[in-house]
Amino acid sequence: MFRHFLTRVSKPIVRFEMTSASRERSLNKVQLLGRVAQDPIRAGSHEKPVVKLTVVTNRYYRTSDRITGEETLQQKADFHNVSTFSPRLQDIVTNFVRKGTRVLVNGRLDYFKFQLEDGTTRTGTNVVMDELIICSQPRDRSEEDDRV
């Protein structure tokens with residue numbers, strides 16, 4: 001079974017025939033808006049440097065007590081491992097991002113496997129950063145202490 005798509009390329013209209021099983025498009029995109037949990041870390045080798053950071057996002061949900069029927073608002077923090085291989089993003093992250101900075105990260109999910117010393121295999125998930133927007137600098141702790 002064929003699907004016909006019309007796509008405009010420059011001036012002429014080109015018709016592509018695609019089967020449902022082959023050439024289908026997919027999307028691997030992640031957007032995170034949160035605060036950096038700790039200062040970024042440079043890792044990797046000299047040939048393949050990488051900068052790693054952890055972004056914390058919060059989510060809120062309601063729970064109700066079965067006996068009293070009272071609803072309470074609960075908060076859960078999720079920690080996301082983020083890394084970048086782009087030299088331009090590495091410079092920006094190491095120079096301008098530190099613990100507490102509010103950031104918007106656009107990237108993609110990357111899954112990996114590794115073995116521990118005892119031979120067990122573990123899997124992990126990482127967000128590979130493609131774009132970074134610094135929303136605000138960290139809150140200064142000395143200003144908060146002066147208010148109290």
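**Exercises on a predicted protein chain**

Buried residues account for 22% of the 148 residues in the protein chain. The model is a predicted one.

**Exercise 1.** Determine how many helices and strands the protein chain contains, and in which pattern they follow one another.

*Solution.* Begin with the count: the chain has two helices and eight strands. Then read along the sequence, which gives the pattern β-β-β-β-β-β-α-β-β-α.

**Exercise 2.** Identify how strand S5 pairs with S3 and S4, and over how many bridges.

*Solution.* Take S3 (residues 30–36) to start with: it pairs with S5 (residues 49–64) in the antiparallel sense over two bridges. Within this pairing, arginine 35 has valine 56 of S5 as its bridge partner. Next, consider S4 (residues 41–44), which pairs with S5 in the antiparallel sense over four bridges. Here arginine 42 stands opposite valine 51 in S5. Finally, examine the connection: S4 and S5 form a hairpin, with four residues between them.

**Exercise 3.** Describe the pairing of S5 with S6 and the hairpin that these strands form.

*Solution.* Strand S6 (residues 71–84) runs antiparallel to S5, and 14 bridges join the two. One residue placement to locate is threonine 63, opposite threonine 72 in S6. In the hairpin, six residues lie between the strands, and glycine 69 takes a positive phi near 80°.

**Exercise 4.** State what share of the contacts between residues at least 6 apart in sequence joins residues at least 24 apart, and what share of the accessible surface belongs to carbon and sulfur atoms.

*Solution.* For the contacts, the share is 52%. For the surface, the total comes to about 12,000 Å², and 49% of that belongs to carbon and sulfur atoms.

Notes:
Residues are numbered from 1 along each chain as its sequence is written. This is a predicted model: local features need pLDDT of at least 70, side-chain atom pairs count only at pLDDT 80 or more; totals for chains, interfaces and linings use all residues. Side-chain values use heavy atoms; hydrogens and water are left out. Buried means under 20% relative accessible area, exposed over 50%, partly exposed in between (1.4 Å probe, protein chains only). Contact means heavy atoms within 4.5 Å. Accessible areas come from the Shrake-Rupley method with a 1.4 Å probe; for residues, only the protein chains shown count as cover. Two strands pair if DSSP finds at least two bridges between them.
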